[in-house]
Amino acid sequence: MLDLEFMRLAFGAGIVVGLLAPAVGFFLVQRRLSLVGDGIGHVAFAGVALGYLLDLPLVLTALVVSVAGGLSIELIRARRRTAGDQALALIFYTGIAGGVVLVSAAGALNVNLFQFLFGSILTVTRGDLAVIAALGACALAAIALLYRPLVAVVVDEEGARVAGLPVSALNALTVALAAVTIALSMRIVGILLIAALMVLPVIAASRIAWSMRSTILLGMGIGLGSVLSGITIAYYADLPPGGTTVLVAAATVLAAEFWSVVRG
Amino acid sequence: MQGISFAYGHAPPVLRDVNLEVERGEFVAIAGPNGGGKTTLVRLVVGLEEPTSGHVELLVRKVGYLPQRAQAGIDAPLTVRELVTTGRASRTRLVGPLSGADREAVRRAIDRVALVPQADRRLSTLSGGQQQRAFIAKALAAEPELLVLDEPTTGVDVEAQDAIAALLQRLRNELGMTILYVSHEFGAVERFVERIVLIRGGIVFDGPPSGLPDVWHDPSHAHA
């Protein structure tokens with residue numbers, strides 16, 4: 001399997017995605033924003049479509065549009081003029097509708113969009129892997145460096161404000177990191193399923209972890225294991241890698257829940 | 001606080017023309033009926049709300065704040081030490097790991113609330129009183145000059161209330177900390193405070209507990 005270059009590229013990208021998605025997802029889940037990843041995923045679709053229309057690298061356009069969409073959700077939510085779920089719905093449907101219109105305008109409705117929606121092992125190029133590795137490393141470094149203030153905000157946002165932390169900037173950073181994760185992951189897991197990889201490993205980890213730090217680290221381990229086994233199963237069983245990866249992660253949640261009940 | 005008025009949106013004002021000055025080292029109880037504006041008052045003090053008119057001036061730099069019904073806003077397992085460490089945020093640099101001095105300050109804060117044996121236990125496994133002490137330790141971790149506690153004994157048993165009252169008295173005596181204590185009932189703390197400020201849309205009483213009119217002795221029923 002590893003004799004094939006496309007599999008080596010897929011595994012390389014999968015390692016980054018498997019570690020990054022739960023690390024970012026931890027902060028979304030704890031802020032009760034689990035569905036933000038889904039919303040940004042739909043916006044990423046518009047970014048892919050824009051890439052087709054402008055003939056630009058799709059990862060780049062998906063990245064730019066996702067970050068803009070994520071920051072818009074955070075801005076609307078933070079101003080509290082619209083309920084959180086309504087803000088999400090607005091961005092969610094605008095993203096998917098914009099994507100369809102842009103793809104149509106680019107005359108690309110016949111292209112294989114399926115691979116972006118649900119992931120495909122064959123689509124990772126060497127250039128993609130370089131971008132995924134570089135941006136993934138930057139995103140993980142940002143989380144490691146800003147771990148304490150990010151945690152302070154999710155534990156007690158008002159307390160963090162009283163302490164003088166730049167709460168709005170840290171919240172914006174969280175959704176920007178989510179957007180980066182989604183743009184980087186769309187080749188492997190697909191933009192409609194990446195949110196699951198941000199959320200499910202964290203849920204599984206929280207059932208068996210003994211501290212907050214161990215929740216993040218276990219979540220990253222479960223995410224990595226889910227992606228690597230998902231890609232492997234997908235290769236041998238000729239299945240879509242995104243769906244397979246997410247099903248592995250979902251199975252991990254059930255196993256962790258079972259363990260948690262047995263342990264008492 | 002000078003000439004403070006505050007309203008949420010277009011609703012009628014919650015507070016009208018409040019003037020309040022608290023000296024360094026004072027232990028002040030903020031009392032009054034539910035909906036009287038106690039929590040709004042302390043949220044104005046710590047900067048979580050902006051007054052509609054008037055101004056608030058804090059002459060201290062570090063403020064520890066324990067919000068009403070304090071609870072960690074997360075589902076993940078959280079240890080006492082992790083919770084208290086988040087309270088150190090205002091004293092540490094934004095980026096990078098915690099320094100040795102910061103770790104020591106966190107340990108001291110946990111020690112002050114007598115939770116050292118439980119420091120690495122999950123918060124959810126502690127009793128209500130122990131959890132509340134952990135949140136007080138979080139507020140103490142920044143070594144504040146002003147400690148603002150909003151209903152810190154709600155939902156804890158009498159024994160735990162006594163422990164919290166004794167702890168606050170010790171903090172005040174040993175560290176000279178200024179304490180604003182919001183509650184609709186005082187229990188064990190009443191004998192320690194030297195000043196009660198009664199709030200019902202504005203300040204209706206400000207003085208020593210002994211001066212409190214009988215009808216207001218239980219401030220939660222202050223309808224006069």
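Helices, of at least four residues, and strands, of at least two, are taken here as DSSP runs and are numbered from the N terminus. Counted in this way, chain B of this predicted model has 5 helices and 9 strands. This briefing follows chain B from its overall form to its sheet, and then to the side of chain B that touches chain A.

**Overall form of chain B**

- Read from the N terminus on, the elements of chain B follow one another as β-β-β-α-β-β-α-α-α-β-α-β-β-β.
- The radius of gyration of chain B is 18 Å, which agrees with the value near 17 Å that a compact globule of 224 residues would have.
- Taken along the principal axes, the box filled by the C-alpha atoms of chain B is roughly 50 × 40 × 35 Å.
- Of the 224 residues in chain B, 44% count as buried.
- When contacts in chain B between residues at least 6 apart in sequence are considered, 69% of them join residues that are at least 24 apart.

**The sheet and the helix that packs on it**

- In chain B, 6 strands form an open sheet with mixed pairing, and their order is E5-E6-E7-E3-E8-E9.
- The edges of this sheet are E5 and strand E9 (203–207) of chain B, each of which pairs on one side only.
- From one strand to the next, the twist of the sheet averages 10 degrees.
- Within the sheet order, E3 stands beside E8; strand E3 (residues 27–31) and strand E8 (residues 195–199) of chain B run parallel and are joined by 4 bridges.
- In this pair of strands, Ile30(B) has Val197(B) of E8(B) opposite to it.
- Helix H4 (residues 128–140) of chain B packs on the sheet, where it touches E5 and strand E6 (146–150) of chain B, and the direction of this helix makes about 160 degrees with that of E5(B).

**The side of chain B that touches chain A**

- Between the two chains, 26 residues of chain B are in contact with 25 residues of chain A.
- At least two residues of this side of chain B come from each of two elements, strand E5 (63–66) and helix H2 (80–86) of chain B, so that E5, an edge strand of the sheet, also takes part in the contact with chain A.- The element that gives the most to this side is H2(B), with 3 residues.
- By residue type, the side of chain B that touches chain A divides into 16 nonpolar, 7 polar and 3 charged residues.

Technical notes: Residues numbered from 1 in each chain as written. Chains lettered and ligands numbered in written order. Predicted model: local features only at pLDDT ≥ 70, side-chain atom pairs only at ≥ 80, totals over all residues. Contact = placed C-beta atoms within 7 Å. Nonpolar A, V, L, I, M, F, W, Y, C, P; charged D, E, K, R; others polar. Rg over C-alpha atoms; globule rule 2.2 N^0.38 Å. Buried ≥ 20, exposed ≤ 12 C-beta atoms within 10 Å, placed from the backbone. Pairing = 2+ DSSP bridges. Axes fitted to C-alpha atoms, helices over the stretch in contact; angles between N-to-C directions.
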